[in-house]
Amino acid sequence: MRKKADYPGRCPRGGPLAPPGRCAHAVGVTRCGILANGCALVAASALFVASCGDEIRARASASSADASVRPSTRPTVAAAPPSPPATSVDGPRIAIGPEGMLSTWRLLSTSSAPPPSAGDAGTAAPAVSEPTSFEAPPRPGSLEAFAVGDRETLDLERVVGPEVTTVRLGAELHVRETTRVHLLVGAAGDVTGHLDDVIVLSRSSRRYRHDDALARLSLSPGRHVLVLRLSRPANARWRLGVRWLDARFRPRSTGVRISVGALDDETMRRLSERAARIEERRAVGPSGLHVTARVSFPGGGPMRAVTADVAGAPTTLTPSDDGVWTASAGHTFEAPARGDLARTARVESRTEPFGRDLSSDVRVANAAVALRAALASASERSHGPLQWRIAELERIVADGDRDEAWRRVLVTEATSLARRIDATRDPFADPRGYVRMGFRSRIDDSAQTYELFVPPAYRREGSTRAWPLVVTLHGFEGNAGDYFRNTLGLPRPPSQSLEEHGRHGQTPRDAPMIVMAPTARGQTHYRYVGESDVHEAMADVRARFRIDPERIYVTGGSMGGTGAAYLPFRNPDLFAASIALAGYHDQRVRNDTRQDALAPWEQFLRAARSDVDWAENALHLPMLLVRGTRDRPLAWTRSLVTRLRELGYRHEHREPALGHNVWTETYRAGGAFRWFARHRRPVAPERVRLRTGDDRHRRAWWVTIDERVASDAFAEVDARVDATTGAITVRTEGTAAFTMERPPSLASRTEPMRAIIDGAAVTGPPPLRVRREGASWALVPTPSREPSARKRPGVSGPIRDVFHDALVFVVGTRDPDHELVNRLVAHHWAHPVGWDVHYPIVRDADVTEEMIRTRTLVLVGPPRSNALLARWASQLPIRIDARGIVVGAPRPGLGQAHRFDGDEVGTVFVAPCPDAPDRSVLVIAGPTPLGTWRSTFLPDILPDYVVFDARIAPARDRWAAGGTGAQYLTAGFFDPRWRMR
């Protein structure tokens, strides 16, 4: 690194400026230019605030130099609102991006000194004195005093180089009249913000999160200097993003002129070039490959007219008068059958080619078009597998997936399939051997896939033989194809990655059972949409093949090992046996959940997530549990083994001298198939033991729990049949109502059913429906006629339960002050990290009555903003008005009302949909945009409702709020009849 004396300029504090000549022109990202942090909505995830106490009002500088003014000698190049006369160092105005991202900063200094050790999230970075003015402008045309990038966030390492550990960035704010600005800052590492000489932001984070900290700026008329000091994180990408919202939370800078000092025309032009994002997108169109080139300014840039030219179509782009860069230019072209487009996109003198190297994408797109055409004449049985192949061909073009071997596999297969369909042959009518199957999911109407092996000995016609089915579940970092091959004894070669093994691994040749591997939507832990995916994939297999319902088995490793207990424990009459390898069965083992600081409802949800607390349901489920002795802590598995031993249930426990990977040894030479072959599911068990912690998983064989005593407690029914007398003895716990059908062993009897329930005799016709009345039980002759009277599957809570269902996220757009934050929050909730799911996000004005009837709606934004919430507000148990949140609406039966006010107060709650009682509605809202935004700080486990404010911040990305220092204003469960308790 060069010495400070070698640099052409220095910062006001004497620190070095970035060295010149470090621009990466071809990619539009420099290490010495403008800071780019445009934020596309799809990239908007969590928002987080660092509480800096009460709002700090910035002091206007009173120096005589700041007070002196003179007309600017630089030409006006863009329409802008009136601004105060410029001082000698004012410079031109800087615009923000269309989503409020501010990408243009002065690079004040860099340092290679070792940064202070990173503390926990929320730890304040060291305070330092910061300058209140900029140095003289850089030499004409020079960019070494700036940083520039054209992506959603600034990659600081690319800006300043790998040797720099600390960087200081600045901007001047010229204010016409007193105003307020909200800065939402995302940064990895330490960040401290200074306005003049006052600290307005202090935050430390181990990794980057969009909009992670809030700085409130109260700006008095005059000139102010905003400085950000950032230190490199230890083990994460060094990134920064700054979003500028005005006093009404709109992305605009009206009334404030943002500047980075005086700039000559050449520097202005070059900064505009670097701030521009020139992107190329490829997609499969109706007739082949389409290529789109687009020029935009996601992070803003200098307020000046810019000449852009996409493939010979010149245009002038100009930011709007309110200081926002919304203008863009783009064109879409159909790719030629041969060769490249050989076109260019230009911003000022910066030129970048697009439409090159098209041959591979053209082949893929043509294969997708051919399959689309073939789909119209294919049989219904082939639609799912074909739709997935079309979707995968479209994806690899859109994502730029450069796995050429995978492309060749898909293109070759698509060509063959199209020919077979043209010859009126159904390619998926009777598959054998290894095949990738697919189905259309009810969750988001997407095409999903699963791996399948059908033994060559399987015969569809002229045979009544039913075959066993093995469902095998992949791990957190793995994929269905990789783990599928492991299960069939085809371990991954050291030279192959997990993805390569899943795509190109050895093809299985034989097996004694049908084997399927669902994707389970990625890293879902087989909960929520992941569980739904497994059931949908299994239903597709069972519809295609003769599956023996008494021989359906489940196995998995790591996350899949957890699923191999989670799924059968919550579906007790589905699987015949389980092999759970290296799973995580007791959430009390976690470092962040084993403390006593969890609230009572958090402790219940911790148990509801733990397999060990559902182990009673394994009465008829033989289990093989394996964990290597070097895979610590062993309690992840041993706690479940201990519980199964206490219950007296059949299980086998192995602890080989291995690490986490115990599946290779367990599955070797068909070991899993031999173990499974010893077990069958009972058809007519004379004892059923059912325990549940939610309203969705409530049935086993001939017993259904209709209602729990409390929503935050388990319910259990243990029923035994005396085949000689026909009497049923039942023990219950935490159960308010349940139903028993006539057990299969009593199917020949015609007399009324007789039961002794907790010592009390009850007799009635089948099915026997009973409800607790005080200390006794009484018959319920018919089901409830009031569909919204009580919680039930799909309309039950807690909050996360809705992710089992088909969702539509509804963004409130009635109030422009809320609209941007509503959209950002909707994207955060609709894109859980690691999940492969595509929930639609729509405007409230675009919601149809069919959506209300057939989907679970997630309403984002308060009633003044969201039309659907305004329509139903009076019928919901929690109300959001202009000042705050009222829990317990003033209506009979909903309990006492409690009010919570504040500019950052927000709520999330689930309730029955007033216009579709058989569906839930999830509300995410606050009286102000900040209250809605605070919902992105909520931890993983949540009850039916939560009300929160800035004090929830430490729970961001955590499993639970308890033990983090975070606080709720109130939180809990509605009772089983949707009343406040």
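Begin the tour with the enclosed spaces: this predicted model contains 6 cavities of 30 Å³ or more. Rolling a probe the size of a water molecule over the atoms reveals where empty space remains.

**Stop 1: the largest cavity**

Select Tyr-528, Leu-605, Ala-608, Asp-694 and Pro-798. Among the 27 residues that line the largest cavity, these are the closest to its centre. The space inside the largest cavity is about 280 Å³. Next, colour α10 (559-570) and α11 (600-609), the elements that each give two or more residues to this lining. Which element provides the largest share of the lining of the largest cavity? The largest share comes from α11, with 4 residues. When the lining of the largest cavity is coloured by class, it shows 10 nonpolar, 6 polar and 11 charged residues.

Remain for a moment at Pro-798, which was selected above as one of the residues closest to the centre of the largest cavity. The peptide bond that leads from Gly-797 to Pro-798 is cis, and its omega is near 0°. Pro-798 belongs to the loop between β40 and β41 (807-811).

**Stop 2: another cis peptide bond**

Move to Pro-766 and Pro-767, which are joined by a cis peptide bond with omega about -10°. The place to look for Pro-767 is the loop between β38 (760-764) and β39 (768-773).

**Stop 3: an open sheet**

From that loop, β39 leads into a sheet. Display β32, β33, β36, β39 and β40: these 5 strands form an open sheet in the order β32-β33-β36-β39-β40, with antiparallel pairing. Which strands stand at the edges? They are β32 (699-700) and β40 (776-779); each has a single partner strand, so one side of each lacks a neighbour in the sheet. In general, the strands of a sheet pair through backbone hydrogen bonds, in either a parallel or an antiparallel manner.

Now isolate β33 (residues 703-708) and β36 (residues 735-740). How many bridges pair strand β33 with strand β36? The two strands pair in the antiparallel sense over 5 bridges. To see one position in detail, select Ile-705 together with Phe-738, its bridge partner in β36.

**Stop 4: an aromatic pair**

Follow the chain onward from β33 into the loop that precedes β34 (715-721), where Phe-714 is located. The structure holds 23 aromatic pairs. One pair to select is Trp-614 with Phe-714: the ring centres are 5.7 Å apart and the planes stand at 80°, so the pair is edge-to-face. A pair of aromatic rings is described by the distance between the centres and the angle between the planes. This pair links distant parts of the chain, since Trp-614 lies in the loop between α11 and β29 (623-626), 100 residues away from Phe-714.

**Stop 5: the second largest cavity**

Select Thr-725, Gly-726, Arg-742, Leu-746, Arg-749, Glu-751, Pro-752, Met-753 and Arg-754, the residues that line the second largest cavity. The volume of the second largest cavity is about 60 Å³. Its lining divides into 3 nonpolar, 2 polar and 4 charged residues.

**Stop 6: the second largest pocket**

Turn next to an open space. The second largest pocket has a volume of about 1,100 Å³. Its lining comprises 36 residues, and those closest to its centre are Trp-388, Glu-392, Arg-395, Thr-449 and Asp-836. The elements that each contribute two or more residues to this lining are α5 (380-399), β23 (433-440), β24 (447-454), α7 (480-487) and α8 (498-504). Which element gives the most to the lining of the second largest pocket? That element is α5, with 7 residues. By class, the lining of the second largest pocket has 10 nonpolar, 15 polar and 11 charged residues.

**Stop 7: a backbone detail**

Select Glu-348, in the loop between β21 (343-347) and β22 (350-354). Its phi is near 55°, a positive value in a residue other than glycine.

**Stop 8: confidence along the chain**

Finally, colour the model by pLDDT. The mean pLDDT of the protein is 87, and 86% of the residues reach 70 or more. Select residues 1-89, where pLDDT stays under 50; the model has 284 contacts beyond four places in sequence for this stretch. Residues 118-128 also have pLDDT below 50, and this stretch has 21 contacts in the model beyond near neighbours in sequence.

Conventions
Residues numbered from 1 in each chain as written. Predicted model: local features only at pLDDT ≥ 70, side-chain atom pairs only at ≥ 80, totals over all residues. Heavy atoms only, no water. 1 Å grid on protein atoms, 1.4 Å probe; cavity = no way out; pocket = protein on both sides within 12 Å on 5 of 7 lines; lining within 4 Å. Points joined across faces, edges and corners; volume = space filled by probe spheres on them. Nonpolar A, V, L, I, M, F, W, Y, C, P; charged D, E, K, R; others polar. pLDDT = per-residue confidence, 0-100. Contact = heavy atoms within 4.5 Å. Pairing = 2+ DSSP bridges. Phe/Tyr/Trp six-rings, centres within 6.5 Å; stacked < 30°, edge-to-face > 60°.
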